[in-house]
Protein chains: 4
Amino acid sequence: MPADRRRRRMPQQDRSRAMVERIIAAGHDVLLERGYEGASTNRIAQAAGISPGSLYQYFPDKDSIVAEVVDRWTDAMHARISRVFAQALEGPPTPLSVRDTLLELLDALDENPRLLRVLIEELPRSPDSRLAAFERRIDDLLAMWLRFHLRGRAARPVEAVSWILVRTVENVAVSYVLDRPVIDRAVVVDELTAMVTAYLREMTAG
Amino acid sequence: MPADRRRRRMPQQDRSRAMVERIIAAGHDVLLERGYEGASTNRIAQAAGISPGSLYQYFPDKDSIVAEVVDRWTDAMHARISRVFAQALEGPPTPLSVRDTLLELLDALDENPRLLRVLIEELPRSPDSRLAAFERRIDDLLAMWLRFHLRGRAARPVEAVSWILVRTVENVAVSYVLDRPVIDRAVVVDELTAMVTAYLREMTAG
Amino acid sequence: MPADRRRRRMPQQDRSRAMVERIIAAGHDVLLERGYEGASTNRIAQAAGISPGSLYQYFPDKDSIVAEVVDRWTDAMHARISRVFAQALEGPPTPLSVRDTLLELLDALDENPRLLRVLIEELPRSPDSRLAAFERRIDDLLAMWLRFHLRGRAARPVEAVSWILVRTVENVAVSYVLDRPVIDRAVVVDELTAMVTAYLREMTAG
Amino acid sequence: MPADRRRRRMPQQDRSRAMVERIIAAGHDVLLERGYEGASTNRIAQAAGISPGSLYQYFPDKDSIVAEVVDRWTDAMHARISRVFAQALEGPPTPLSVRDTLLELLDALDENPRLLRVLIEELPRSPDSRLAAFERRIDDLLAMWLRFHLRGRAARPVEAVSWILVRTVENVAVSYVLDRPVIDRAVVVDELTAMVTAYLREMTAG
DNA sequence: TATGAATGAGCTTTCATTCAT
DNA sequence: AATGAATGAAAGCTCATTCAT
């Protein structure tokens, strides 16, 4: 009877939630170990310790699992990035604060390059993908930051500026992690900082 | 006799060449219509009006066909871009010339957005892919341009600057074409121009 | 409830076992009717009344099915042969007991000449094939028999003798069944008996 | 014109003959290097330096090429074996002459074990195959030998005896070359000699 | 709810053979 | 006689998804 109670302890929703998490974790692992091509539903189910049929109780199809894995990653990334933005919000935008932000981003991306590679190189993207949604969230974050610091003095459309800056920094950082060019990490950060700073200066000056 | 000559005109290499072209064209079409996932060798063969077996007389495997389609696209892109660079080489780097270059790039990418989407979003990339090779070709082009214009005055590592600028502009332009943000095209070009110009100015000043 | 129990009786292992048997039987049939070349996995699946995909749930590849068919045959053969050896062990080796053994072997091989033909003529053999393993099992059987009857008096290496005798008798018997020479069956048995007997006599005498 | 004459020197039949030989040689090489599975007509044509289409001018299908390769091998084997028989015909059948014959056979088979393996293990045999025809030729040879030496005294059916002896010795010798058992070569020859000799003695005595 | 056996269309690739030139 | 491009059926095998239990 205590066994029964314990089993019933976790209500339906929680059980379901836990199951979803387990599947996502399994998807993450399989994606990491075998890439997108090798990530078959059967393999994910096996990694999750459930039957392939059960998978479809929680996810409508394979891609929705992958999407959820991407979401977890973007959530973690967003948390890190917004923390940096929060810090940056405290002082004025200086080359140093820009540099810190970039460094943090690079560190974040470099934490799991293998997953990053799968996410960026192997996953079929699409405008309504989770990755695109993530970019938009960062757009908002940066727009907020810009509005906060350039309040009134912004001679330029903040949305467009954010949009451009996000895609700029994102691709430079991702490419650096994945393509490993023969350029020193510090140099990349320096140059990117220089470019962004020059642009921001121009914005307030203009 | 002229008929004979004309018929014999395409004896071997030309016939073979024509076949290769037909297959690439078919690959291009199928890629466009059914995406990478749907681009099966049988489908490409059918689109080319040949048998699946014939395909393998001209290409060793499926990916080599796709790679060739990509190569065609990158070659065309490279031709356009290098033409702009050649023009830009004639005068000093001004906001106007930067702007023209960006405009041309955007136009080039915008010419076949559906193919661009397949190439960027669906194709499995990798550091040794044709797309990556293309980026490196543009790196070289830009590095040359920078060396030409900043000769002596460059306070910064030209290779790193090229690498960053290429990835910056590429992603901004591609994202603009594929994600169609609610930002005016002119604004994107303006801002990108501003950023790049500010950075270049900084380079010579620093 | 008995119905339920009966239905549940074959829960997993038994169902699986039955499926394996069905596939092996289908493999056997297809092998018989279409030969090794015509025994495609799709054909075997169809003969088993299942889908090609199901086949691979029970067998890793085509050859493993064929191997299993061979194993069934060799197991049956081994059972018959070892039964004869057991009988022969009871008395001393006489021309009559040798003759009985040979007759039994010939009968066994002659039971399914079509399958024998496929196994011997069409299957790609190799030193590590099931057929080779079977021969080695008979080697052991005969060596045991020889050691039992010639204990002490064997002037010859028992292993080598077994090895030679097995290959001798095997090929003569198989060739007789498959090539159907215009020689009377009794004559073949007589001569083979004579040869083996003479050799055995020589052994103890030598 | 001398050129013309030279070209015409080799009449049609000879040219054709030479072509056939070239194809057979190519078939032999490909069989050796890639096995029966890998011996595609295209590969044989390429090895012969001709087009696949030309192959079919000289051979009706793939198997006829293979059959011809087998024939060449059996012809060479037959030549060697009949030479030994001719020598043996000079004196009476002694253990020594039997032994010599067996040794020669083993040597002959051991000369090209890789080809032997392909011929024996990979080729689909059949009662009307060239290998079977070869065996019959050896049957005749041995029958002749037996008739010569046992003339009058043969208490046994010579055809049956030949048939059995040929299949016995063939399989023992082939198995020894291909399976490489851990038995000394001399021991195998000794035992086989003993068996055959005992049998032959029995024949004349009986 | 969970299972996992079953599905079957579809994949890439090969190859004996043909036939227009 | 010779070519070699072209064929197209067929192979072994995978995998997202379903469904009877």
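Two residues are taken to be in contact if their C-beta atoms, placed from the backbone, lie within 7 Å. With that in mind, here is a friendly tour of this predicted model.

**View 1. Chains A and B each keep apart from chain D.** No contact joins chain A and chain D. The closest C-alpha atoms of these two chains lie 30 Å apart. Chain B and chain D are also without any contact, and here the closest C-alpha atoms lie 12 Å apart.

**View 2. Chain A is built from helices.** Count the secondary structure of chain A and you will find 10 helices and zero strands. The pattern along the sequence therefore reads α-α-α-α-α-α-α-α-α-α. With a radius of gyration of 21 Å, well over the 17 Å that the globule rule gives for 206 residues, chain A is more spread out than a compact globule. Along the principal axes, the C-alpha atoms of chain A fill a box of roughly 70 × 40 × 30 Å. Of the 206 residues of chain A, 31% count as buried. Look, too, at how the chain meets itself: among contacts between residues at least 6 apart in sequence, 68% join residues at least 24 apart.

**View 3. Two domains meet within chain A.** The domain assignment gives domain 1 as residues 1–59 and domain 2 as residues 64–205 of chain A. The C-alpha centres of the two domains lie 32 Å apart. Where they touch, 10 residues of domain 1 are in contact with 11 residues of domain 2. Helix H2 (residues 12–38) of chain A gives eight residues to the domain 1 side, the largest share. By class, that side has seven nonpolar, three polar and no charged residues.

**View 4. Chain A and chain B are related by a rotation.** A turn of 177° and a shift of 0.2 Å along the axis lay chain A on chain B, with an RMSD of 0.6 Å. The two copies are thus related as by a two-fold rotation axis. To find that axis from chain A, look for A:Thr168, whose C-alpha comes closest to it among the residues of this chain, at 2.3 Å. Of the interface residues of chain A, 100% are also interface residues in chain B, so the copies meet through the same surface.

**View 5. Chain D meets chain C.** In this close-up, 33 residues of chain D are in contact with 33 residues of chain C. On the chain D side, the elements that give two or more residues are helix H7 (113–122), helix H9 (158–179) and helix H10 (185–205). The largest share, 13 residues, comes from H9(D). Sorted by class, the side of chain D that touches chain C has 19 nonpolar, four polar and 10 charged residues.

**View 6. Protein residues surround DNA strand E.** There are 32 residues around DNA strand E, and the closest are A:Gly53, B:Ser40, B:Gly53, C:Gly53 and D:Ser40. Several helices give two or more residues to this surface: H2 and helix H4 (52–58) of chain A, and helix H4 (52–58) of chain C. Helix H3 (41–48) and helix H4 (52–58) do so in chain B, as do helix H3 (41–48) and helix H4 (52–58) of chain D. The surface near DNA strand E has 10 nonpolar, 18 polar and four charged residues.

Methods
Residues numbered from 1 in each chain as written. Chains lettered and ligands numbered in written order. Predicted model: local features only at pLDDT ≥ 70, side-chain atom pairs only at ≥ 80, totals over all residues. Least-squares fit on C-alpha atoms with pLDDT ≥ 70 in both. Domains from an automatic or database assignment. Helix = DSSP H or I, 4+ residues; strand = E, 2+ residues; numbered from the N terminus. Nonpolar A, V, L, I, M, F, W, Y, C, P; charged D, E, K, R; others polar. Near = placed C-beta within 6 Å. Rg over C-alpha atoms; globule rule 2.2 N^0.38 Å. Buried ≥ 20, exposed ≤ 12 C-beta atoms within 10 Å, placed from the backbone.
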